[in-house]
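Please read these notes with the model open beside you. They go point by point, from the sheet outwards.

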Amino acid sequence: MAVAERRSGRRTEAVQSYKGHGIHAAPGVHEYAVELVRAALPDGGRILEVGSGCGALALRLRDAGFDVVPTDLDPPHEWIARLDLDHPEWTDEARGPFDMVVCVETLEHVENPRQVLRQIRSLLRAGDQLLVSTPNITHPHSRLKMFLRGAPYIFGPRHYHQPGHITILPDWMLTEHIRLAGFDQIEVTNGGDTFYRGIVRLAYRVEIALLKVIGVRQKAHYGQGICTFVTARAV
């Protein structure tokens with residue numbers, strides 16, 4: 001998705017683009033992220049984005065009126081600064097101050113998400129905002145795949161090396177990591193869609209309908225809710 005793990009993975013082929021920049025996140029994830037940022041910072045502000053990928057979300061946020069400093073482990077453009085979240089070396093520009101840190105579809109790629117969240121907290125002042133997202137492993141489709149194959153949607157042997165999904169974070173664990181890193185006012189929502197197309201997408205819709213019949217369902221806040229989003233405030 002948003003960041004390439006050089007030690008264990010690489011970017012998958014982009015399936016969408018924004019102004020010519022590839023989007024590796026699930027469909028709808030970037031659009032929902034912008035909605036959440038706007039709600040958190042209605043008067044605008046300065047944002048550090050970690051795990052920027054090809055820069056599509058950074059450009060979308062800039063077009064929405066935000067001042068964005070994008071970073072990534074393997075930046076494809078000079079205007080995206082290099083940042084290894086597992087071994088961060090913060091540049092003066094990346095040290096802030098920032099009104100918000102955005103980390104979309106990135107924590108599943110890192111070895112120690114708790115350390116990353118603590119590092120992010122150290123860049124923020126009390127009252128500043130955080131937005132993170134990761135694949136929603138409690139989604140009914142993921143729960144079924146876990147039951148049948150032992151791995152949620154977009155995790156498992158095929159996804160371990162490319163795109164480098166190495167850390168599974170259920171929402172209860174992610175929110176606890178965020179709380180312990182020094183945040184409160186934690187809110188969990190979900191958004192985004194699957195990558196499925198054609199006959200596979202039809203089969204997916206039938207599967208979701210059947211799961212609802214037997215009581216396995218989850219409310220989606222945006223799209224199909226395939227990714228978990230968490231917003232929080234630094235304390």
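Which residue in E6 is the bridge partner of Leu-48? It is Val-101.

1. Ground rules. This is a predicted model, in which local features need pLDDT of at least 70 and side-chain atom pairs count only at pLDDT 80 or more, while totals for chains, interfaces and linings use all residues. Residues are numbered from 1 along each chain as its sequence is written, and side-chain values use heavy atoms, with hydrogens and water left out.

2. Overall make-up. The protein chain has seven helices and ten strands. These are DSSP runs numbered from the N terminus: helices are H or I with at least four residues, strands are E with at least two. The C-alpha atoms fill a box of roughly 50 × 35 × 30 Å along the principal axes. The radius of gyration is 17 Å, which agrees with the value near 18 Å for a compact globule of 235 residues. That radius is taken over C-alpha atoms, and the globule rule is 2.2 Å times the number of residues to the power 0.38.

3. Burial and contacts. Buried residues make up 56% of the 235 residues. Buried means under 20% relative accessible area, exposed over 50%, and partly exposed in between, with a 1.4 Å probe and protein chains only. Among contacts between residues at least 6 apart in sequence, 76% join residues at least 24 apart. A contact means heavy atoms within 4.5 Å.

4. The sheet. Eight strands form an open sheet with mixed pairing, in the order E5-E4-E3-E6-E7-E10-E8-E9. Two strands pair if DSSP finds at least two bridges between them. The edge strands are E5 (81-82) and E9 (222-223), each pairing on one side only. At the E5 edge, two bridges join E4 (residues 67-72) to E5, and the two run parallel. Here Thr-71 stands opposite Ala-81.

5. Strand E6. Six of the seven residues of E6 (residues 98-104) are buried, so the strand is largely enclosed by the rest of the structure. E3 (residues 46-50) is joined to E6 by three bridges, running parallel. Six bridges pair E6 with E7 (residues 124-135), also in the parallel sense. Met-100 has Gln-129 of E7 as its bridge partner.

6. Crossover. E6, helix H3 (residues 113-122) and E7 make a right-handed β-α-β unit. Right-handed means that, with the strands pointing away from the viewer, the path from the first strand over the helix to the second runs clockwise.

7. Helices on the sheet. H2 lies across E3, E4 and E6, at about 175° to E4. H6 (residues 171-182) lies across E7, E8 (183-192) and E10, at about 150° to E8. Axes are lines fitted to C-alpha atoms, for helices over the stretch in contact, and angles run from 0 to 180 degrees between N-to-C directions.

8. Cores. The largest nonpolar core has 33 residues, and Val-37, Ile-47, Val-102, Leu-131 and Phe-229 have the most contacts inside it. H1 (29-40), H2 (56-63), E6, H7 (198-213) and E10 (227-234) each supply at least two of its residues. H1 gives the largest share, six residues. Apart from this core lies another, of 27 residues, among them Val-116, Ala-181, Phe-183 and Ala-234. A nonpolar core is a set of buried Ala, Val, Leu, Ile, Met, Phe, Trp, Tyr and Cys residues joined through side-chain atoms within 4.5 Å. Leaving out residues up to four places away in sequence, Phe-229 touches residues including Tyr-32, Leu-36, Leu-131 and Val-188.

9. Helix H4. In H4 (residues 140-149), the buried residues are Pro-140, His-141, Ser-142 and Lys-145. H7 is included in what covers them. Gly-150 follows H4, with a positive phi near 80°.

10. Cis peptides. One cis bond joins Gly-96 and Pro-97, with omega about 10°. Pro-97 sits in the loop between E5 and E6. A cis bond also joins Gln-162 and Pro-163, with omega about 15°. Pro-163 lies in the loop between H5 (157-160) and H6.

11. Positive phi outside glycine. Lys-19 has phi near 55°. Its loop runs between E1 (16-18) and E2 (21-23). Lys-19 counts as exposed, at 58% relative accessibility. Ile-154 has a positive phi of about 55°, and is placed in the loop between H4 and H5. Ile-154 counts as buried, at 9% relative accessibility.
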